[in-house]
Amino acid sequence: MSLDNCKLITLPKIVDRRGNLTVVESQRHAHFTIKRVYYLYDVPAGAERGGHAHKDLEQLIIALSGSFDVHLDDGYKTTRYTLNRPNNALYVCRMIWRSIDNFSAGSVCLVLASTYYEESDYYRDYDEFVRSIREIQ
Ligand code: TYD
């Protein structure tokens, strides 16, 4: 549940004159079972997404197109990743506050998630998230 567990993964890239191909397999490249896929697109300039943490959900975040910044916070420290390659995936473990900004025009953010959508899995209040982290550790 710390930033030390979050990391950038290099996915296979099959280079071809006809265009490149990248694959993500459940339980192999993603170290969890992928139950849900969603994507952010048509993000207006200056917009911020995320701004929450998850109690159980783990995910991979991929810049399918363009670039954006992912800010992670484990309640003690923060870090920032710039995603700009479709064969890089950022693994985010449970109990990490995240926000995404600096979307380039036309960028697409793909998320592979370990759970179905469940609003009760969210912390949407930062102070509540930090209180929970302090209680657990
Ligand atoms: P949210 O997770 O807050 O978006 P983001 O973190 O990308 O900024 O979700 C935004 C809205 O979309 C919210 O009303 C819940 C809904 N939603 C679903 O219905 N299913 C989903 O799988 C996701 C991710 C969101």
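This is a guided tour of a predicted model, moving from the ligand to a few strands, loops and cysteines.

**The ligand and its shell**

Begin by selecting the ligand together with the residues that surround it, which are Arg36, Tyr38, Leu40, Arg49, Gly50, His52, Tyr117, Tyr122 and Arg124. Sorted by character, this shell holds four nonpolar, two polar and three charged residues.

Next, display the polar side-chain atoms that face oxygen atoms of the ligand. In the side chain of His52, an N or O atom lies 2.5 Å from a ligand oxygen, while Tyr122 places a polar side-chain atom 2.6 Å from an oxygen atom of the ligand. Arg124 also takes part, with a polar side-chain atom at 2.9 Å from a ligand oxygen. If you compute surfaces at this stage, the ligand taken alone exposes 520 Å², of which the protein buries 63%. Colouring by secondary structure then shows which elements give two or more residues to the shell, namely strand 4 (36–40) and strand 5 (49–54).

**Val111, in strand 11**

From the ligand shell, move to Val111, which is placed in strand 11. Among the residues that Val111 touches, beyond its neighbours up to four places away in sequence, are Arg36 and Tyr38, both of which you have already selected as part of the shell around the ligand. The other contacts of Val111, with the same sequence neighbours set aside, are Val37, Gln59 and Leu60. It is also worth drawing a distance from Val111 to Ile61, since these residues are 50 apart along the chain and yet their C-alpha atoms are separated by 4.7 Å. Is Val111 buried or exposed? Val111 counts as buried because its relative accessibility, 2%, falls under the 20% cut-off.

**Ser114, in the loop that follows**

Follow the chain to Ser114, which lies in the loop between strand 11 (108–113) and strand 12 (122–123). Although Ser114 sits in a loop, it is buried, with a relative accessible area of 12%. Show the polar contacts here, and you will find a polar atom of the Ser114 side chain 2.9 Å from the backbone nitrogen of Glu58. Glu58 is also one of the residues that Ser114 touches, together with Phe32, Thr33, Lys35, Asp56 and Leu57, not counting residues up to four places away in sequence.

**Ser99, in strand 10**

Now select Ser99, found in strand 10 and buried, with a relative accessible area of 12%. Leaving aside neighbours within four places in sequence, Ser99 is in contact with Glu48, Arg49, Gly50 and Gly51, and also with Asp69, Val70 and His71. Arg49 and Gly50 will be familiar from the shell around the ligand.

**Two residues with positive phi**

Step back along the chain to Met95, in the loop between strand 9 (88–92) and strand 10 (97–101). Met95 has a positive phi of about 60 degrees although it is not a glycine, and at 1% relative accessibility Met95 counts as buried.

For a second case, select Gln27, in the loop between strand 3 and strand 4, where phi is again positive, at about 70 degrees, in a residue that is not a glycine. Which side of the exposure scale does Gln27 fall on, buried or exposed? With 52% relative accessibility, Gln27 counts as exposed.

**Leu21, in strand 3**

Leu21 can be selected next, in strand 3 (residues 21–22). Leu21 counts as partly exposed, at 47% relative accessibility. Setting aside residues up to four places away in sequence, Leu21 touches Pro12, Lys13 and Ile14. A distance drawn from Leu21 to Tyr91, 70 residues apart in sequence, reads 20 Å from C-alpha to C-alpha.

**The cysteines**

Finish with the cysteine sulfurs, for which the disulfide count comes to zero. Cys6 deserves a close look, because the nearest cysteine sulfur, that of Cys93, is 3.9 Å away, whereas a disulfide requires sulfur atoms within 2.5 Å. Cys6 is buried, with a relative accessible area of 4%. Cys109 is likewise in no disulfide, and the nearest cysteine sulfur to Cys109, that of Cys6, is 15 Å away. Cys109 is also buried, with a relative accessible area of 0%.

Notes:
Residues numbered from 1 in each chain as written. Predicted model: local features only at pLDDT ≥ 70, side-chain atom pairs only at ≥ 80, totals over all residues. Heavy atoms only, no water. Helix = DSSP H or I, 4+ residues; strand = E, 2+ residues; numbered from the N terminus. Buried < 20%, exposed > 50% of the residue type's maximum accessible area, 1.4 Å probe, protein only. Contact = heavy atoms within 4.5 Å. Near = heavy atom within 4 Å. Polar contact = N/O pair within 3.5 Å; in protein donor to acceptor, adjacent residues only side chain to side chain. Areas by Shrake-Rupley, 256 points an atom, 1.4 Å probe, with all protein chains shown as cover. Nonpolar A, V, L, I, M, F, W, Y, C, P; charged D, E, K, R; others polar.
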